[in-house]
Amino acid sequence: MLIAGFPAGAWGTNCYLVAPAAGEECVIIDPGHRAAPGVDEAIAKHRLKPVAVILTHGHIDHVASVVPVCGAHDVPAWIHPADRYMLDDPEKALGVRIGQPLMGELTVGEPDDLRELADGAELELAGMSLTVAHAPGHTKGSVTFGLPEQADVPPVLFSGDLLFAGSVGRTDLPGGDHLEILRSLARVCLPLSDSTVVLSGHGPQTTIGRERATNPFLRELAAGRAAADAAAQRPGM
């Protein structure tokens with residue numbers, strides 16, 4: 001398994017290229033602001049052939065380079081339908097003005113071939129099977145992408161802005177909901193094995209085990225689930 005990642009643009013958003021190995025087809029995850037040069041560099045370095053762009057959500061820091069990247073490589077992009085509108089109107093999606101210097105560098109709109117993601121879907125791309133989990137809370141259309149354990153490679157979760165090392169995504173922008181992101185964390189993240197590697201939209205990689213032990217949000221959710229399980233096992237009065 002080859003995963004090449006780099007932080008891109010003004011927001012330092014992590015963009016990932018994922019392939020079975022060097023010299024093979026790849027999937028590009030979240031090509032954000034000024035990501036195209038980094039994508040091209042990774043493609044050349046690892047001799048990759050892109051077959052798709054997949055998006056964890058629609059915020060401009062994750063999608064700003066979708067149109068040029070898809071156009072340059074003639075590939076489709078995938079996004080959850082609840083976040084599709086953000087491609088055409090990034091400022092509405094954020095509830096704030098981005099500013100003219102940055103807006104002047106952005107290519108807004110949809111790529112020529114845009115497809116919609118669904119919860120539980122299995123994307124068979126580049127010889128890999130990626131599981132889609134709808135995980136609203138940061139946005140209404142936030143999703144994660146999961147790769148199963150393979151040989152000596154642990155499972156991987158591309159968490160977008162759902163889960164970070166030591167924190168979770170913000171919920172104060174349009175479409176955000178704190179209770180909803182907690183429900184998504186409980187449903188999507190808590191059932192995963194401790195060995196699952198988490199590659200998030202910002203910041204360093206982590207693991208589910210580390211976050212279960214140290215992340216205050218996951219710790220509270222895990223404690224609540226353990227208490228509920230213990231209560232369910234008590235004999236009735």
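Is Cys70 buried or exposed? Cys70 is buried, its relative accessible area being 3%. The points below concern a predicted model.

1. Cysteines. A second cysteine, Cys189, also counts as buried, with 0% relative accessibility. The number of disulfides in the structure is 0. The burial of Cys70 follows from the cut-off: buried means under 20% relative accessible area, and Cys70 has 3%.

2. Overall composition. The chain contains 8 helices and 14 strands. It has 237 residues, of which 50% count as buried. Among contacts with a separation of 6 or more, 61% are accounted for by residues 24 or more positions apart. The exposed area of the chain is about 10600 Å², and carbon and sulfur atoms supply 53% of that area.

3. The open sheet. An open sheet is formed by 6 strands, arranged in the order 7-8-9-10-13-14 with mixed pairing. Strand 7 and strand 14 (206-207) stand at its edges; each has a single partner strand, so one side of each is without a neighbour in the sheet. In general, the strands of a sheet pair through backbone hydrogen bonds, in either a parallel or an antiparallel sense.

4. Strands 9 and 10. Within this order, strand 9 and strand 10 pair in the antiparallel sense, over 3 bridges. Phe145 has Phe158, in strand 10, as its bridge partner. The loop between strand 9 (143-147) and strand 10 (156-160) contains Val153.

5. A nonpolar surface patch. Val153 is partly exposed, with a relative accessible area of 31%. Together with Met1 and Ile3, Val153 makes a nonpolar surface patch of about 190 Å². The loop that follows strand 9 and leads to strand 10 thus supplies one of the residues of this patch, namely Val153.

6. Ala126 and its surroundings. Where does Ala126 lie? Ala126 is placed in the loop between strand 7 (122-125) and strand 8 (128-134). Despite this loop position, Ala126 is buried, at 9% relative accessible area. Which residues does Ala126 contact, leaving aside its neighbours within four places in sequence? The contacts are with Pro20, Glu25, Cys26, Val27 and Val51. For one of these, Pro20, the separation from Ala126 is 106 residues in sequence, whereas the C-alpha to C-alpha distance is 7.5 Å.

How values were computed. Residues are numbered from 1 along each chain as its sequence is written. This is a predicted model: local features need pLDDT of at least 70, side-chain atom pairs count only at pLDDT 80 or more; totals for chains, interfaces and linings use all residues. Side-chain values use heavy atoms; hydrogens and water are left out. A disulfide is a pair of cysteine sulfur atoms within 2.5 Å. Buried means under 20% relative accessible area, exposed over 50%, partly exposed in between (1.4 Å probe, protein chains only). Helices (H or I, at least four residues) and strands (E, at least two) are DSSP runs, numbered from the N terminus. Contact means heavy atoms within 4.5 Å. Accessible areas come from the Shrake-Rupley method with a 1.4 Å probe; for residues, only the protein chains shown count as cover. Patches are made of residues with over 30% relative accessible area and no salt bridge: like charges are joined within 9 Å, nonpolar side chains (Val, Leu, Ile, Met, Phe, Trp, Tyr) within 5 Å. A salt bridge is a side-chain nitrogen of Lys or Arg within 4 Å of a carboxyl oxygen of Asp or Glu. Two strands pair if DSSP finds at least two bridges between them.
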